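Colleague: May we go through this model together, one point at a time? I should like each reply to show its reasoning before it gives the result.

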Amino acid sequence: DLQSAITCLECGNVTKTIDPIIDLSLEISDNSGLIDCLGNFTKSENLDIKYSCSNCQTRTNATKKLTILKFPNVLSIQLK
C-alpha cells in the first residue's frame with residue numbers, strides 16, 4: 001500500500017490517504033541505484049499549488065510525502 005500524507009504548513013494538519021500499489025515509476029539519474037530512486041520517490045516535496053486545508057479553512061502552502069507501507073507480492077518498477 002502507498003500512503004500519501006499532505007501537511008498544511010499553516011496549521012500542521014496532516015491528511016493521509018492510502019491506495020493499493022501495483023507499480024512504481026521512479027526517476028533515475030547517473031550513478032543512482034534502486035535504493036536511491038526509492039529514497040527520492042518517498043522524500044517530502046512542496047506542492048506547486050495552494051492546498052485547501054480542511055482543518056484551518058485556508059488555502060495555504062503544503063508538503064506531500066509518499067510512504068510505502070506494504071509491498072505487494074509482485075511489484076512492477078519502471079525506471080525513467
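Colleague: How many disulfides does the structure hold?

Modeller: Please keep in mind that this is a predicted model. A disulfide is a covalent bond between the sulfur atoms of two cysteines. Cys53 is in no disulfide, and its nearest cysteine sulfur belongs to Cys56. The number of disulfides in the structure is zero.

Colleague: Why is the sulfur of Cys56 not bonded to the sulfur of Cys53, and what is the distance?

Modeller: To count as a disulfide, a pair of cysteine sulfur atoms must lie within 2.5 Å. The closest cysteine sulfur to that of Cys56 is in Cys53, but the two are too far apart for a bond, at 3.7 Å.

Colleague: Is Cys53 buried or exposed?

Modeller: A residue counts as buried when its relative accessible area is under 20%. The relative accessible area of Cys53 is 3%, so Cys53 is buried. Cys56, by contrast, has a relative accessibility of 23% and counts as partly exposed. For Cys53, the answer is therefore buried.

Colleague: What is the phi of Asn31, and where is this residue found?

Modeller: Most residues other than glycine have a negative phi. Asn31 is not a glycine, yet its phi is positive, at about 60°. With a relative accessibility of 82%, Asn31 counts as exposed. It is found in the loop between strand S3 (23–26) and helix H1 (34–42).

Colleague: Which loop holds Gln57?

Modeller: Gln57 is a residue other than glycine with a positive phi, near 60°. Its relative accessible area is 64%, so Gln57 is exposed. Its place is in the loop between strand S5 (51–52) and strand S6 (59–60).

Colleague: In what pattern do the helix and strands follow one another along the sequence?

Modeller: The chain contains one helix and eight strands. Read along the sequence, three strands precede the helix and the remaining strands follow it, giving β-β-β-α-β-β-β-β-β.

Colleague: What is the radius of gyration of the chain?

Modeller: The C-alpha trace spans about 40 × 30 × 15 Å along its principal axes. For a compact globule of 80 residues, a radius of gyration near 12 Å would be expected. The chain has a radius of gyration of 15 Å.

Colleague: What share of the contacts in the chain with a separation of 6 or more joins residues 24 or more positions apart?

Modeller: A contact here requires heavy atoms within 4.5 Å. Among contacts with a separation of 6 or more, those between residues 24 or more positions apart account for 57%.

Conventions: Residues are numbered from 1 along each chain as its sequence is written. This is a predicted model: local features need pLDDT of at least 70, side-chain atom pairs count only at pLDDT 80 or more; totals for chains, interfaces and linings use all residues. Side-chain values use heavy atoms; hydrogens and water are left out. Helices (H or I, at least four residues) and strands (E, at least two) are DSSP runs, numbered from the N terminus. The radius of gyration is taken over C-alpha atoms; the globule rule is 2.2 Å times the number of residues to the power 0.38. Buried means under 20% relative accessible area, exposed over 50%, partly exposed in between (1.4 Å probe, protein chains only).
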